[in-house]
Amino acid sequence: MTANPVFVALDTPELAKARAVAVAVRDHVGGLKLGLEFFMAQGPAGVRALAEVGLPIFLDVKLHDIPNTVAGAMRSLSPLGLAIVNVHGAGGRAMMAAAREAMAPETKVIAVTVLTSLDAADLGDIGVAGAADAQVARLAELARAAGLDGIVCSAHEVAARRAAWADGLFVIPGIRPAGSDIGDQKRVMTPRQALDAGASVLVVGRPITAAADPAAAAAAPAASPR
Ligand code: C5P
């Protein structure tokens, strides 16, 4: 993907704030992750504005709808020149295949498997029996069969998923440089641990964005293991 695997998560609705952090860390990260908080406020114009910073962009919009609608959304996003975009694996094989087909070939399309906010009881409530791990494995396999490029998963799942998908793109949030505040993340890993387990891209938000000096935080060897 890129030489530096760290994508900084710019979780803000404000363009000026997102741009200021992006410019500050530009030389120390491999890309920018923009999520729904940013996209709902700033839309495609905001994505274009941040693309001017010159880094690859992962648009974390987790689409989930009927195949025709998701394909249309992908066609609308395609001209943005994204590096990575995602959909929910739970949308099913046809939806994932339609997403891949509608998006420009140079943009990686990956699947979210099971939201890490859901435990086994929550999954039971929505009719998914058994452990979360089994559902992650099932949806990862479905994503691969549908022609997607990889998945988003936790650092604790990546080794097993990588073993089953050698050339998959594995995007891993919940990364905390050694010794940093873990915030509301519960199961974290350091960048080195996650890469050793098979991660391709590391999503790091607050350890960089909430630091007094984001550039220094992004440049610290523990944050960008190269
Ligand atoms: O600030 P922090 O490093 O926790 O940010 C992580 C980013 O990754 C956030 O944008 C968050 O929404 C996203 N994410 C996550 N855990 C997941 C999936 C996505 O933290 N399981």
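# Strands and helices of a closed barrel

Me: How many bridges join β2 to β3?
Reply: In this predicted model, β2 and β3 run parallel to each other. Within that pairing, L32 is the residue that stands opposite I57 in β3. The bridges that join β2 to β3 number four.

Me: Through which helix does the chain cross from β2 to β3, and what is the hand of this crossover?
Reply: One pair of residues in this part of the sheet is L32 and I57 of β3, which stand opposite each other. Leaving β2, the chain reaches β3 by way of α2, so named in a β-α-β crossover whose hand is right-handed. The helix is therefore α2, and the crossover is right-handed.

Me: How many residues of β2 are buried?
Reply: On one side of β2 there are G31, K33 and G35, and on the other side there are L32 and L34, with both faces covered. The strand is largely enclosed by the rest of the structure, because the count of its buried residues is five of the five.

Me: Which residue of β2 stands opposite V8?
Reply: Strand β1 (residues 6-9) has both faces covered, with V6 and V8 buried on one side and F7 and A9 buried on the other. Its pairing with strand β2 (residues 31-35) is in the parallel sense and extends over three bridges. Along this pairing F7 stands opposite G31, while the residue of β2 opposite V8 is L32.

Me: Which residue of β8 stands opposite V6?
Reply: Strand β1 also pairs with strand β8 (residues 201-204), in the parallel sense and over three bridges. In this pairing the residue opposite V6 is L202.

Me: In what order do the strands of the closed barrel run?
Reply: The barrel has eight strands, and their pairing is parallel. One of its pairings is that of strand β4 (residues 84-88) with strand β5 (residues 108-112), where five bridges join the two, and V87 stands opposite A111 in β5. Following the closed barrel, the order is β1-β2-β3-β4-β5-β6-β7-β8.

Me: Are α1 and α2 parallel or oblique to each other?
Reply: Helix α1 packs against helix α2 (residues 36-51) with the axes 10 Å apart and at an angle of about 45 degrees. An angle under 35 degrees would count as roughly parallel, and 65 to 115 degrees as roughly perpendicular. The angle of about 45 degrees lies in neither range, and α1 and α2 are therefore oblique.

Me: What is the hand of the crossing of α1 and α2, and which residues of α2 make the contact?
Reply: The crossing of α1 and α2 is right-handed. From α1 the contact is made by L15, A18, R19 and A22, and from α2 it is made by F38, Q42, G46, A49 and L50.

Me: Is α3 roughly parallel or roughly perpendicular to α4?
Reply: Helix α3 (residues 67-77) packs against helix α4 (residues 93-102) at an angle of about 25 degrees, and the axes are 8 Å apart. Angles under 35 degrees count as roughly parallel. It follows that α3 and α4 are roughly parallel.

Me: Which residues of α4 make the contact with α3?
Reply: As α3 passes α4, the crossing is right-handed. On the α3 side the contact is made by P67, V70, A71, M74 and R75, and on the α4 side by A94, M95, A98, A99 and A102.

Me: Which residues of α4 are buried?
Reply: The elements that cover the buried residues of α4 include β3, α3, β4, β5 and α6 (132-145). Underneath this cover, the buried residues are M95, M96, A98, A99, R100 and A102.

Me: Is T113 buried or exposed?
Reply: T113 is placed in the loop between β5 and α5 (120-125). Leaving aside residues up to four places away in sequence, T113 touches V136, L139, A140, I151 and V152. Its relative accessible area is 6%, and since anything under 20% counts as buried, T113 is buried.

Me: What is the phi of K62?
Reply: K62 has its place in strand β3 (residues 57-63), and with a relative accessible area of 29% K62 is partly exposed. Most residues other than glycine have a negative phi. K62 is a residue other than glycine with a positive value, and its phi is near 45 degrees.

Notes:
Residues are numbered from 1 along each chain as its sequence is written. This is a predicted model: local features need pLDDT of at least 70, side-chain atom pairs count only at pLDDT 80 or more; totals for chains, interfaces and linings use all residues. Side-chain values use heavy atoms; hydrogens and water are left out. Buried means under 20% relative accessible area, exposed over 50%, partly exposed in between (1.4 Å probe, protein chains only). Two strands pair if DSSP finds at least two bridges between them. Axes are lines fitted to C-alpha atoms, for helices over the stretch in contact, and angles run from 0 to 180 degrees between N-to-C directions. Angles under 35 degrees count as roughly parallel, over 145 as roughly antiparallel, 65 to 115 as roughly perpendicular and the rest as oblique. A crossing is left-handed if the near helix is turned anticlockwise from the far one by less than a right angle, and right-handed if clockwise. Contact means heavy atoms within 4.5 Å.
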